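Here's a short set of exercises, each with a worked solution. Keep the viewer open and follow along.

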Amino acid sequence: MFKRINIILNYTITSFIGVFIGHCVYKYINYIKYPSLYEVQSAPWYISIQINGIAVTVIVVISIIIKIFIKKKM
């Protein structure tokens, strides 16, 4: 049971990090391709990357804490 939860948490961590990296690459390429699109905004172009980075960090930290508790139970 704990082994299955550990595997699911590993998939969750890698999935969130992979999606975050993909979003960063997409946002950067879009900024390079269409810089005038981002000049109109009041916030810098990378602010969505920072917000998503904070969210991914919170999810990964929570997952790691759960993994630590599972290892102690095993």
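**Warm-up: G22**

Task: decide whether G22 is buried, partly exposed or exposed.

Solution. G22 has 38% relative accessibility, so it counts as partly exposed. The cut-offs here are under 20% relative accessible area for buried and over 50% for exposed, with partly exposed in between (1.4 Å probe, protein chains only). Next, place G22: it sits in helix α1. Helices are DSSP runs of H or I with at least four residues, strands are E runs of at least two, and both are numbered from the N terminus. Finally, pick a partner: G22 and F69 are 47 residues apart along the chain, and their C-alpha atoms are separated by 30 Å.

A word on ground rules: this is a predicted model, where local features need pLDDT of at least 70 and side-chain atom pairs count only at pLDDT 80 or more, while totals for chains, interfaces and linings use all residues. Residues are numbered from 1 along each chain as its sequence is written, and side-chain values use heavy atoms, with hydrogens and water left out.

**Exercise 1: the rings**

Task: find how many aromatic pairs there are, and work out which residues they link into a cluster.

Solution. Start with the rule: rings of Phe, Tyr and Trp (its six-membered ring) pair if their centres lie within 6.5 Å; planes under 30 degrees apart are stacked, over 60 edge-to-face, and the rest tilted. Applying that gives 4 aromatic pairs. Take Y28 and W45: the centres are 6.0 Å apart with 50° between the planes, which makes the pair tilted. This pair links distant parts of the chain, as Y28 is in helix α1 (residues 2-33) and W45 is in the loop between α2 (35-39) and α3 (47-73), 17 residues apart. Now step from W45 to Y46: with centres 5.8 Å apart and planes at 85°, this pair is edge-to-face. Check the exposure too: Y28 is partly exposed at 45% relative accessibility, and Y46 is partly exposed at 37%. Put together, ring pairs join Y28, Y31, Y38, W45 and Y46 into a cluster.

**Exercise 2: the greasy surface**

Task: list the residues of the nonpolar surface patch and say which element gives the most to it.

Solution. Patch members need over 30% relative accessible area and no salt bridge; nonpolar side chains (Val, Leu, Ile, Met, Phe, Trp, Tyr) are joined within 5 Å, like charges within 9 Å. The members are M1, F2, I5, I54, V58, I62, I66 and M74, and together they have about 800 Å² of accessible area (Shrake-Rupley, 1.4 Å probe, only the protein chains shown counting as cover). Both α1 and α3 give two or more residues, and α3 gives the most, with 4. Look at two members: I5 lies in helix α1 and is partly exposed at 31%, while M1 sits in the segment before α1 and is exposed at 76%.

**Exercise 3: a buried lysine**

Task: K67 is buried, so to speak, without a partner; find the nearest side chain of opposite charge and how far away it is.

Solution. K67 belongs to helix α3. A salt bridge needs a side-chain nitrogen of Lys or Arg within 4 Å of a carboxyl oxygen of Asp or Glu. For charge, Lys and Arg are positive, Asp and Glu negative, and His and the chain ends are not counted. K67 has no salt bridge, and the nearest side chain of opposite charge, E39, is 44 Å away. What K67 does have is a polar contact of 2.6 Å with the side chain of N6. Such a contact is a pair of N or O atoms within 3.5 Å; within protein, one must be able to donate a hydrogen and the other to accept it, and residues adjacent in sequence count only if both atoms are side-chain atoms.
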